[in-house]
2 protein chains.
Amino acid sequence: MARLPVYLRALGTFADRNVATVSSEELAGAAGVNSAKLRKDLSYLGSYGTRGVGYEVAYLRYQISRQIGLTQDWPVLIVGIGNLGQALANYGGFVSRGFRVVALLDADPARAGEVVAGLAVRPFADLSAVAAEHGPCIGVIATPASAAQQVAGALVAAGVRSILNFAPAVLAVPDSVDVRKVDLSIELQILAYHEQRKTARFVALDGPDDVRDPRFGAEVPAGAGFGGRP
Amino acid sequence: MARLPVYLRALGTFADRNVATVSSEELAGAAGVNSAKLRKDLSYLGSYGTRGVGYEVAYLRYQISRQIGLTQDWPVLIVGIGNLGQALANYGGFVSRGFRVVALLDADPARAGEVVAGLAVRPFADLSAVAAEHGPCIGVIATPASAAQQVAGALVAAGVRSILNFAPAVLAVPDSVDVRKVDLSIELQILAYHEQRKTARFVALDGPDDVRDPRFGAEVPAGAGFGGRP
DNA sequence: GTGACTTTGTGCATGCGTTCACATGAACCT
DNA sequence: AGGTTCATGTGAACGCATGCACAAAGTCAC
């Protein structure tokens, strides 16, 4: 499940405070979920606590880590060393949680050899060699959207089956490949949507009034010279 | 809905190719969703196309933009000018999609005055003044996890009701405040989970064999000297 | 103007996730 | 040793999103 990492992090904070056991209520509060959901999740993964007491922090932590596959470090290769790629390479949160950036790739030949976060940037053509060298690994796409699909194809061809995509593009990959998408503009747009609803401004100050289409009762903007409907 | 921005971007690619109308099938393909789902989403937001023809690209684009609230630029303020904060400030994808970074804040006094992406970094104490100056805006938390809750509280106190949180922490905010979370380690961990299941290595090379608890039939690791159960 | 075709909009069923509520089981106190 | 208390684990119901399949509606050709 997608909530296991959240539980794991919450358990980490309890461990930092030297808490030995936690109840599902406490842990759920720290993770921001319902306690019943948490219990069901944990029971589903086969782990269990002690009735009347709760969950042993260290034991549960180890079990979840193991379930996720964090008992070993996963190699991560980052493609596209722009602003975002560099920030990711320098981000310390990876290595502390079971991941290790092993290679930085960029299509721009001028950047090859440049050192970022202690790693030399390698030409994109090295991809298959790097992937073969490290075995199963995770590819991170931090390129512009225009290059994302091509990079994804190359990653798949190199044997990478897990991709984290930061480019604002929909990637087409085989079913055997997992793609997770992180899209900053989408997150912002969702926030803007809710923000707009909260500030109940029915009409933008620079916009047209709404009109109501008698046929459907649906809101339709008048167009404001937008070259409306025929 | 959370898919509207995806549709909007797909429509953008059609507009760039000077396509006048798209069918739900085409648009759904570009957005990576089912066509029925797309039609239902669009009908739910009140917009509509033309039966037998499809959707007029420019018109639908305008309507979705308007629905999301992108007819005006939303001010964005970024708190925490570390690696990630700088990358976000320099990221061009914001301004092109209805957002404008208006302020950079950092708690470190030594950074005040530093210029990043054309903006001077301001001390964190300026937050309420900045928020008051720009009206409804979106706050981005790019600080370490330890500072995230405090920053969130300050943002809320300053009147910010939409927060994009990059820090690996669960934020407690009033119900009236929307928080969206972007967590790189969680995404990587989810990928690692699936990657581990794909490479069906039942036992990690450095880990213990699984044993089966006769009481529940659930998988339980032997512990490998982990200081197992009493 | 009529017919055939294309595509939208939507009722309906299915499946999944979430949540409540309760029984099970373990520890602790007397 | 027995009862009490506490928290887990789970059965069952609810609600929601998804997807199919079809009718409504509009266009194009003749």
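**Cavities and symmetry in a predicted two-chain model**

Visitor: How many cavities of 30 Å³ or more does the structure hold?
Guide: This is a predicted model. Counting cavities from 30 Å³ upwards, the structure holds two.

Visitor: Which charged residue lines the largest cavity?
Guide: The largest cavity encloses about 40 Å³ of space. Its lining divides into seven nonpolar residues, no polar and one charged. The lining residues are A:Leu84, A:Phe166, A:Ala167, A:Pro168, A:Val182, A:Leu184, B:Tyr91 and A:Asp183. Since Asp counts as charged, the residue is A:Asp183.

Visitor: Which element gives the largest share of the lining of the second largest cavity?
Guide: About 30 Å³ of space lies in the second largest cavity, and its lining consists of A:Met1, A:Leu4, A:Pro5, A:Ile68, B:Gln189, B:Ile190 and B:Tyr193. Two elements give two or more residues to this lining, helix 1 (4-16) of chain A and helix 8 (184-198) of chain B. The largest share, three residues, comes from helix 8 of chain B.

Visitor: Which residue is the polar one in the lining of the second largest cavity?
Guide: This lining divides into six nonpolar residues, one polar and no charged. Met, Leu, Pro, Ile and Tyr count as nonpolar. The polar residue is therefore B:Gln189.

Visitor: What relation holds between chain A and chain B?
Guide: A turn of 180° with a shift of 0.0 Å along the axis lays chain A on chain B with an RMSD of 0.1 Å. The relation is therefore that of a two-fold axis.

Visitor: Which residue of chain A comes closest to the rotation axis?
Guide: The same surface serves both copies, with 100% of the contact residues of chain A recurring in chain B. Judged by C-alpha position, the closest approach of chain A to the rotation axis is 3.1 Å, made by A:Ala87.

Methods:
Residues numbered from 1 in each chain as written. Chains lettered and ligands numbered in written order. Predicted model: local features only at pLDDT ≥ 70, side-chain atom pairs only at ≥ 80, totals over all residues. Heavy atoms only, no water. 1 Å grid on protein atoms, 1.4 Å probe; cavity = no way out; pocket = protein on both sides within 12 Å on 5 of 7 lines; lining within 4 Å. Points joined across faces, edges and corners; volume = space filled by probe spheres on them. Helix = DSSP H or I, 4+ residues; strand = E, 2+ residues; numbered from the N terminus. Least-squares fit on C-alpha atoms with pLDDT ≥ 70 in both. Contact = heavy atoms within 4.5 Å.
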